[in-house]
Amino acid sequence: MPPEGDEQTRRKRAAAERAASAVQDGAVVGLGTGSTAECVIRALAERVKEGLRIVGVPTSLRSERLARSLGIPLIDLQDATRIDVTIDGADEVAVGTLDVLKGHGGALLREKLVAVASEREVIVVDDTKLVERLGSRFAVPVEVVPFGWRVPAQALEALGGRVALRSVPPEGEPFVTDNGNYILDVDFGPIANPAALANEIKTITGVIEHGLFIGIAHEVIVAGAQGVEVLTRG
């Protein structure tokens, strides 16, 4: 994908600020991962400086470091008795269903764990992330155990995907998640039935999690040329 321009960055910030402005005093907030989620974390930090009382549950070490540096109090997921809302970004959002493709920042497992533990999942995007079908622009990230990773890779190919082990330039060593696992980026093209594919992927031995977030997002905040729009599921 090409680098983001100033206009896309401005739109992401507008959507992030809209999401952060809705967080209520005393809330436990899941903090997503990625460039858009970092805009949300910065916007929340400004509100904390103004007196907002929240506790954050980070979805990655990267988000944890940023939130701590900005003065947002944090707790671990296992210590959270509730999560009122999680605010996160996305790589793609299917406009008809609000199903989401995530994971190109490498935090898909922790993002999904926090999301399913939350009362509400709010996704923040600019309008370039909207698609008719998931998989139209991005491959599906699949987190797998490093031991024997080619076994699940072959099974994913049998499902019709083109598999690439995610690597870190310039040496080309495998990318390692916060959980010590590898990620396979699997290109299925536009996906006709994401829910069915999600279930099939989860049955593969060696797969930990995948980046198809089906039926999880409650609300999607979209920033476009005409301003900020809120899409809701159901």
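Helices in this account are DSSP runs of H or I that are at least four residues long, numbered from the N terminus. Glutamate 46 and lysine 49 both belong to one such run, helix 2, where three residues, about one turn of the helix, set them apart. The model is a predicted one. The points below cover helix 1, two nonpolar cores, the salt bridges, a four-stranded sheet and several loop residues.

**Helix 1**
- Helix 1 covers residues 6–21, and at 1.5 Å a residue its 16 residues should span 22 Å; the C-alpha atoms at its ends are 22 Å apart, so the two values agree.
- Its buried residues are Gln8, Arg11, Lys12, Ala15, Ala16, Ala19 and Ala20.
- These buried residues pack against helix 2 (35–49) and against four strands, namely strand 3 (85–88), strand 6 (121–126), strand 15 (219–224) and strand 16 (227–232).

**Nonpolar cores**
- The largest nonpolar core contains 27 residues, and Val23, Val29, Leu44, Ile54, Ile72, Ile87 and Val124 are those with the most contacts inside it.
- At least two residues of this core come from each of helix 1, strand 1 (28–31), helix 2, helix 3 (61–69), strand 3, strand 6 and strand 15.
- Helix 2 provides the largest share of this core, with seven residues.
- Valine 124, leaving aside residues up to four places away in sequence, touches Lys12, Ala15, Ala16, Ala19, Thr36, Val40, Ile87, Asp88, Gly89, Ala90 and Ile221.
- Another core, of 22 residues, lies apart from the largest one and includes Phe138, Val140, Val142 and Ile204.

**Salt bridges**
- There are 15 salt bridges in the structure.
- One of them joins arginine 53 to aspartate 25, with the closest N and O atoms 2.4 Å apart.
- Arginine 53 is in the loop between helix 2 and strand 2 (55–58), and aspartate 25 is in the loop between helix 1 and strand 1, so the pair ties together parts that are 28 residues apart in sequence.
- Arginine 53 has a relative accessible area of 58% and is exposed, whereas aspartate 25, with 41%, is partly exposed.
- Glutamate 46 and lysine 49 form another salt bridge, in which the closest N and O atoms are 3.6 Å apart.
- Glutamate 46 is partly exposed at 42% relative accessibility, while lysine 49 is exposed at 61%.
- Aspartate 84 is bridged to arginine 82, and their closest N and O atoms are 3.0 Å apart; arginine 82 is partly exposed, with a relative accessible area of 37%.
- Glu7, Arg10, Arg11 and Asp127 are joined into one network by salt bridges that share partners.

**Four-stranded sheet**
- Four strands form an open sheet in the order 9-12-8-13, and their pairing is antiparallel.
- Strand 9 (162–165) and strand 13 (207–210) are the edge strands, each pairing on one side only.
- On average, and with direction ignored, neighbouring strands of this sheet are turned by 30° against each other.
- Strand 8 (residues 140–144) and strand 13 run antiparallel and are joined by three bridges.
- Within strand 13, valine 207 stands opposite valine 144.
- Helix 4 (residues 108–116) packs on the sheet and touches strand 8, strand 12 (182–187) and strand 13; the direction of helix 4 makes about 65° with that of strand 13.

**Loop residues**
- Isoleucine 214 is located in the loop between strand 14 (212–213) and strand 15, and is partly exposed, with a relative accessible area of 26%.
- Not counting residues up to four places away in sequence, isoleucine 214 touches Asp99, Leu134, Pro194, Ala195 and Ala198.
- Isoleucine 214 and leucine 101 are 113 residues apart along the chain, and their C-alpha atoms are separated by 8.5 Å.
- The peptide bond from proline 169 to proline 170 is cis, with omega near 0°; proline 170 belongs to the loop between strand 10 (167–168) and strand 11 (173–174).
- Leucine 98 lies in the loop between strand 4 (92–94) and strand 5 (100–101), and its phi is near 65°, a positive value in a residue other than glycine.
- Because its relative accessible area of 4% falls under the 20% cut-off, leucine 98 counts as buried.

Definitions and conventions. Residues numbered from 1 in each chain as written. Predicted model: local features only at pLDDT ≥ 70, side-chain atom pairs only at ≥ 80, totals over all residues. Heavy atoms only, no water. Expected span 1.5 Å × (residues − 1). Buried < 20%, exposed > 50% of the residue type's maximum accessible area, 1.4 Å probe, protein only. Contact = heavy atoms within 4.5 Å. Core = buried A, V, L, I, M, F, W, Y, C linked by side-chain atoms within 4.5 Å. Salt bridge = Lys/Arg side-chain N within 4 Å of Asp/Glu carboxyl O. Pairing = 2+ DSSP bridges. Axes fitted to C-alpha atoms, helices over the stretch in contact; angles between N-to-C directions.
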